[in-house]
Amino acid sequence: QVQLVESGGGLVQAGGSLRLSCAASGGLFSGNSMGWFRQAPGKQRELIATITSGGSTNYGDSVKGRFTISRDNAKNTLYLQMNNLKPDDTAVYYCNRIPYTTYWGQGTQVTVSS
């Protein structure tokens, strides 16, 4: 069964940190590139970070230098370490395979207060 379960979100003050996790099952994770997406209120979902199966990473300009994507292939789990959070980072965060599939999890809410 294909499943993506995101967790780790919460309410944090600007400048704070959070670590998101994404547990993947159903064959989405192994051998595939994975990515973190986010969707802010009233905006389209955007891709912010990707990682290949071998660990090469890429970041959107809005998060570069502040966020770090990583993966544990033995646990089929994707991570996103978010540091120096800003109010503009407020969004629901999702993970998915790259290229993305139609299987989206429920996401995890990140709210950054100023």
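# Notebook: strands, sheets and one disulfide

**Entry 1. Starting at S21.** I began with S21, which lies in strand β3. The model I am reading is a predicted one. I looked up the neighbours of S21, leaving out residues up to four places away in sequence. S21 touches V5, E6, S7, W36, T77, L78 and Y79. Then I took one of these, L78, and checked the distance. S21 and L78 are 57 residues apart in sequence. In space, their C-alpha atoms are 5.7 Å apart.

**Entry 2. The partner of β3.** Next I asked which way β3 and β8 pair, parallel or antiparallel. The pairing of β3 with β8 (residues 77–82) is antiparallel, and six bridges make it up. I picked out one pair of residues facing each other: A23 is opposite T77 of β8.

**Entry 3. The four-stranded sheet.** I then followed the sheet outwards from β3. Its order is β1-β3-β8-β7, four strands in an open sheet with antiparallel pairing. Which strands stand at the edges? They are β1 (3–7) and β7 (67–72). Each has a single partner strand, so one side of each has no neighbour in the sheet. I also noted the turn between neighbouring strands of this sheet: 15° on average, direction ignored.

**Entry 4. The six-stranded sheet.** There is also an open sheet of six strands, in the order β2-β10-β9-β4-β5-β6. Here the pairing is mixed. The edge strands are β2 (10–13) and β6 (57–59). Both have a single partner strand, so each is left with one side lacking a neighbour in the sheet. From one strand to the next, the twist averages 25°.

I checked the β6 end. Strand β5 (residues 46–51) runs antiparallel to β6, and three bridges join them. I51 is placed opposite T57 of β6.

I kept one textbook point beside this entry. In a regular strand, side chains alternate between the two faces of the sheet.

**Entry 5. A closer look at β9.** I wanted to know how many residues of β9 are buried. Six of its eight residues are, so I wrote the strand down as mostly covered. I used under 20% relative accessible area as the cut-off for buried.

Then I looked at both partners of β9. Strand β4 (residues 33–39) pairs with β9 in the antiparallel sense, over seven bridges. In that pairing, F37 stands opposite Y94 of β9. β10 also pairs with β9 in the antiparallel sense, over three bridges. There, T108 in β10 is the bridge partner of Y93.

**Entry 6. The disulfide.** I searched the whole structure for disulfides and found one. A disulfide is a covalent bond between the sulfur atoms of two cysteines. Which residues form this one? They are C22 and C95, with sulfur atoms 1.8 Å apart. C22 is in strand β3 (residues 18–25), while C95 is in strand β9 (residues 91–98). The pair therefore ties together parts that are 73 residues apart in sequence.

I looked up the torsion about the S-S bond as well. For C22 and C95 the value is about 55°, so the disulfide is right-handed. Are the two cysteines buried or exposed? Both C22 and C95 are buried.

**Entry 7. G105, in a loop.** From C95 I moved to G105. The two residues are 10 apart in sequence, and their C-alpha atoms are 7.5 Å apart. G105 is in the loop between β9 and β10 (108–113). Its relative accessibility is 17%, so G105 counts as buried. Leaving out residues up to four places away in sequence, G105 touches L4, E6 and Y94. I had already met E6 on the contact list of S21.

**Entry 8. The whole protein.** Last, I stepped back. How many helices and strands are there? The protein has zero helices and 10 strands. Its radius of gyration is 13 Å, close to the 13 Å that the globule rule gives for 114 residues, so the protein is as compact as a globular protein of that length. Along the principal axes, the C-alpha atoms fill a box of roughly 40 × 25 × 20 Å.

I noted the surface too. Of the 114 residues, 40% count as buried. The protein exposes about 5900 Å², and carbon and sulfur atoms supply 45% of that area. My final look-up was on contacts with a separation of 6 or more: residues 24 or more positions apart account for 54% of them.

Methods: Residues numbered from 1 in each chain as written. Predicted model: local features only at pLDDT ≥ 70, side-chain atom pairs only at ≥ 80, totals over all residues. Heavy atoms only, no water. Pairing = 2+ DSSP bridges. Helix = DSSP H or I, 4+ residues; strand = E, 2+ residues; numbered from the N terminus. Axes fitted to C-alpha atoms, helices over the stretch in contact; angles between N-to-C directions. Disulfide = S-S within 2.5 Å. Buried < 20%, exposed > 50% of the residue type's maximum accessible area, 1.4 Å probe, protein only. Contact = heavy atoms within 4.5 Å. Rg over C-alpha atoms; globule rule 2.2 N^0.38 Å. Areas by Shrake-Rupley, 256 points an atom, 1.4 Å probe, with all protein chains shown as cover.
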